[in-house]
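The following paragraphs lead the reader through a protein structure, from the packing of one helix to the arrangement of domains and the cysteines. Please consult the structure alongside the text.

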Amino acid sequence: MGPTAAVAAVSALLIGLQIAAVHRGFQGPLHSLISDYVATPKSATLPWAGLGLALVGLTNRRRLVALGLAAGLDAVFAAERVLRGGALTLGNGPLIVLTGLAVLAGLRWSGTERRAALGAAGWGALLIVASKAADTWLRITALSRPRVLDEYAMLADHAFAQPSWLVGRVIDAAGPAPYAVLHWVYIELPVAAMVVAVYQLRNVTVDGWPRHHLMRTFVVLGLIGPLIYLLFPVVGPIYAFGAEGHGWQIANYWPHILPPAGFAPHALPFDDITPRNCMPSMHTGWALLVFIHSRGGPRWLRCGGTVWLVGTVTATLGFGYHYGVDLVAGAVLCLTVEAALRDPQRGWGVRRIGLVAGGATFLAILLLCYRYLAAAMAQLPLLFGPVILGALAVFVAAFFARPASVKLGALSTAPREASFTLGDPR
């Protein structure tokens, strides 16, 4: 897919989601994007993460100019907002500068300079636009799936010793400081991805674009994972079994009381606001992806990738946002998609086909077990738990058992592409 077709596809998706949002009476992605330009941005860090990606396609001088202009615009917008009694937040400046860079590169620059700038701006814009589309999709999952399968997920989690209840009690006892740190790690996952991606793409103006990098898998995961939300709608322990259910919860069990194990689960009615976004855990998948792609960097990057993975997994469980079964599915999905996209120069050999087919089959079996064998998993945890975790360990080992000639994560020095297109991962 070329750049024009990619832009057309993204535009069609945004327009379709906006029409659906207007029809159901809530803010859509285009409305939210316009607000980020001229009103109060929904996120203060996401526009800066997008601009950070865009800067890899510029020279050092242009990077400084772009950063200075974005900071100046952000200060002006923030001051005006505060003076009229609005929120003190940021995000307008980098979004405006990112758009300006794309327009300037497309109209005024040429050759390698133009390709590098447009490619980087495209990835930065895609990070922001994907977030807007995801917000709308989450609301659609709540509207289109009035019943949730949390009883099935909770029962299946007996096979993993109910990690959400266990970690939730630990976080609750730890106090506000660990909670605040984990919350920051959880919500700033796009920034962690941007840091790793910027490291991988730091030399694109000189060496050209690597054949594979974190953002390719990051985007494809964001396209595939949310589709599963409709197949297995789950809201999470803190909503279905905790105080955040707003009257729809079964009872206020989470995190201190484990619900009684009834072995006849059924779908539960729930509100039309809470997203059905637990299965699979995309935060786990994306954090694992950050970890994988940080392996080829310096020590500080490897440590950062490890901290973000551990912190994200702890937060997803300890905040009651996910069950353990969600995390297993998210990890399998991440490794399967990454196996399909990595090392494109090696082609589709037997090993790649085996990893992708095996991962897809593994994920399908997991979802079927969670849905139709949840009671059996709760009654026979010493059978299902070790079998599933053992299969996951084998799959992880197969994924990381790379050929000796290929270094994991060493992507920034890969051969340059003949050309770069925004639609590469699709």
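The buried residues of helix 19 pack against four helices: helix 14 (282–294), helix 16 (324–341), helix 17 (350–372) and helix 18 (374–379). Helices here are DSSP runs of H or I with at least four residues, numbered from the N terminus; contact means heavy atoms within 4.5 Å. This is a predicted model, in which local features need pLDDT of at least 70 and side-chain atom pairs count only at pLDDT 80 or more, whereas totals for chains, interfaces and linings use all residues. Residues are numbered from 1 along each chain as its sequence is written, and side-chain values use heavy atoms, leaving out hydrogens and water.

Helix 19 itself comprises the 20 residues 381–400 and reaches 28 Å from its first C-alpha to its last, close to the expected 28 Å at 1.5 Å a residue; the expected span is 1.5 Å times one less than the number of residues. Within helix 19, the buried residues are Phe384, Gly385, Ile388, Leu392, Phe395 and Phe399, where buried means under 20% relative accessible area, exposed over 50% and partly exposed in between, with a 1.4 Å probe and protein chains only. These residues lie on the same side of helix 19 because they cover an arc of only 105° around the axis, the arc being that of the directions from the helix axis to the C-beta atoms. On the face turned away from this buried side are the exposed residues Leu382, Val387 and Val394.

One of those buried residues, Phe384, is touched by Leu373, which also touches Leu368, not counting residues up to four places away in sequence. Leu373 occupies the loop between helix 17 and helix 18 and is partly exposed, at 36% relative accessible area.

On a wider scale, the protein is divided into domain 1 (28–144) and domain 2 (147–401), with bounds from an automatic or database domain assignment. Their centres, taken over C-alpha atoms, are 28 Å apart. The contact takes 24 residues from domain 1 and 27 residues from domain 2. Between them the domains bury about 2000 Å², 76% of it on carbon and sulfur atoms; buried area is the accessible area (1.4 Å probe) that two parts lose on being put together, summed over both. Val56, Trp123 and Trp137 lose the most area in domain 1, together 29% of what that side buries.

Finally, the whole structure contains zero disulfides, a disulfide being a pair of cysteine sulfur atoms within 2.5 Å. The sulfur of Cys278 is too far for a bond because the closest cysteine sulfur, in Cys334, is 18 Å away.

Terms used:
Helix = DSSP H or I, 4+ residues; strand = E, 2+ residues; numbered from the N terminus.
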